[in-house]
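Reader: Before I rely on any label in this entry, I would like to go through the terms with you and see how each one is earned.

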Amino acid sequence: MTQQRFESLKLSTAQLQNLRTLGFETMTDIQAAALPVALAGGDLIGQAKTGSGKTLAFGLPLLNKINPRDFGAQGLILCPTRELATQVAQEIRRLARYQPNIKVVVLCGGQSIGAQIGSLEHGGHVIVGTPGRIRDHLRKQTLSLERISTLVLDEADRMLDMGFIDDMSHIIGHTPAARQTLFFSATYPDDIRKLSGQFQRSPARIKVEDASDSPLIEQRFFICHKESKPESVERLLRYFQPDNAVVFCNTKDAVRDVAARLRRSGIAALALHGDLEQRDRDRVLIQFRQQSCRVLVATDVAARGLDIADLAAVVNSDIPHDPETYLHRIGRTGRAGKQGLAVTLLAASERFRLERLADDQKAPLSCEPLDTLTAGQAPLPAPRYVTLRIAGGRKDKVRPGDILGALTREEGVTGGAVGKIDVTDYAAYVAIERGCSGRALQCLSDGKIKGRKFKVQLLKN
Ligand code: ADP
Ligand code: MG
């Protein structure tokens with residue numbers, strides 16, 4: 001965080017007011033470095049860690065140039081996954097509130113292309129999507145990029161890792177040469193350098209060091225048997241008692257095994273990996289963010305870049321293959337000046353990886369036997385909330401306020417018992433204090449939202 005306020009930038013008073021309403025007062029480091037360049041129209045490559053506020057760093061300059069009366073697509077943001085695209089679109093919609101009538105359209109795989117074509121027919125000023133699906137629309141000629149004034153590649157290195165290079169080049173080829181091009185990337189490998197050389201004009205390279213942001217992570221390493229990883233993870237959780245945690249595994253199978261073991265032992269854990277249907281992945285993430293599930297078990301691919309801020313702990317069921325992945329994983333805890341905890345399990349045969357981490361960090365790292373944690377074992381308390389799923393969403397004009405209203409009327413629950421509310425296109429999710437879930441469920445099932453009855457269901461965790 002810097003001391004620099006948004007008022008020092010060339011932004012409209014309406015946008016400045018909007019930023020205040022959103023609670024954004026001072027700029028993060030990457031914002032303070034990137035915004036003056038980007039708002040002046042320059043190309044740039046921004047490098048900063050997850051959670052540093054990159055979306056706003058490209059969102060403000062992109063929105064600044066939108067003409068709402070022109071219905072053509074003027075801003076294009078490419079993201080590696082649907083989750084990231086959805087998150088970015090959400091943030092852009094909030095930033096766009098200063099201006100009525102700016103339409104943001106999300107174009108990703110796993111969703112009906114017909115519905116997307118329908119949305120595009122109504123015009124979309126900002127397109128956020130994954131390269132594959134955007135290319136599909138170009139082929140069908142259901143999307144024109146001729147009016148794009150700002151092109152953003154978010155998590156560019158990740159998109160390259162996922163093999164999107166051809167799609168990306170193809171898409172960029174459909175945009176005007178006179179556009180502004182903003183790259184954001186966690187790392188700066190050769191491929192990014194090449195891509196930048198090909199598609200950017202004398203970009204400013206803006207790198208924000210994160211060393212000073214993350215000295216607050218306590219790192220612990222424990223030796224265990226390769227075969228006993230799932231129960232060892234359980235032991236770690238019972239000992240450290242984190243309010244919430246992401247458990248990383250190196251493979252999908254390991255994710256399944258660990259999640260199954262935790263659930264059998266009564267710990268509210270959900271699995272997140274690439275084989276899940278998109279819809280289920282959305283649910284899992286929402287349940288985790290709504291604090292109705294305490295532990296998320298995930299692979300790197302499924303979790304990378306996701307804005308799960310404020311983790312009490314990161315548990316590595318498997319030590320990652322390289323130091324960079326390790327730092328990425330543990331960087332999710334210890335945010336915003338809070339103490340974080342990163343606990344890693346290693347089998348005896350994986351000890352050499354610990355030495356590599358120590359080399360990388362230029363610090364001694366030692367491991368402990370798991371037995372030292374045998375005292376101090378306690379069950380994990382149930383999560384604070386449960387999540388109710390309402391089978392009506394944005395497309396049904398359901399808004400968070402409508403749900404809150406329906407929940408807190410006479411026979412309902414108090415506002416204090418209601419946690420986070422997430423509304424997606426076709427469904428809404430609301431967190432309810434565990435003790436009030438029955439009443440809330442009854443209240444929503446019996447009553448109406450927006451004058452309509454919707455199916456409501458309690459999500460298992
Ligand atoms: P990144 O893309 O770098 O991982 P995000 O853009 O997803 O980070 O932002 C992370 C979180 O920080 C979001 O919840 C966002 O709303 C919040 N945020 C961004 N900029 C600011 C700011 N200047 N002040 C306070 N919160 C901010
Ligand atoms: Mg981001």
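What follows is a conversation about the ligand shell, a strand and two loop residues.

Author: This is a predicted model, in which local features need pLDDT of at least 70 and side-chain atom pairs count only at pLDDT 80 or more, whereas totals for chains, interfaces and linings use all residues. Residues are numbered from 1 along each chain as its sequence is written, chains are lettered from A and ligands numbered from 1 in the order in which they are written, and side-chain values use heavy atoms, with hydrogens and water left out.

Reader: What makes a residue count as one that surrounds ligand 1, and how many are there?

Author: A residue is near the ligand if one of its heavy atoms lies within 4 Å of it, and 15 residues surround ligand 1, the closest being T26, Q31, G51, T55 and E91. Helices α3 (54-64) and α4 (82-95) each supply at least two residues of that shell, helices here being DSSP runs of H or I with at least four residues, and strands runs of E with at least two.

Reader: How do you know that E91 and K54 make polar contacts with ligand 1?

Author: A polar contact is a pair of N or O atoms within 3.5 Å. A polar side-chain atom of E91 lies 2.9 Å from an oxygen atom of ligand 1, and for K54 the corresponding distance is 3.0 Å, so both pairs fall within the cut-off. A polar backbone atom of S52 is 3.1 Å from an oxygen atom of the ligand. Taken alone, ligand 1 exposes 570 Å², of which the protein buries 80%, with areas from the Shrake-Rupley method and a 1.4 Å probe.

Reader: Why are strands β9 and β12 called paired?

Author: Two strands pair if DSSP finds at least two bridges between them, and β9 (residues 245-248) and β12 are joined in the parallel sense over four bridges, so the term applies. A245 stands opposite A313 in β12. Strand β13 (residues 340-346) also runs parallel to β12, with four bridges, and there T344 is the bridge partner of N316.

Reader: Why is E155 called buried and K362 exposed?

Author: Buried means under 20% relative accessible area and exposed over 50%, with partly exposed in between (1.4 Å probe, protein chains only). E155 has 12%, so it is buried, while K362 has 75%, so K362 is exposed. E155 is in the loop between β5 (150-153) and α7 (156-161), and K362 is in the loop between α15 (351-361) and β14 (367-369).

Definitions and conventions: Polar contact = N/O pair within 3.5 Å; in protein donor to acceptor, adjacent residues only side chain to side chain.
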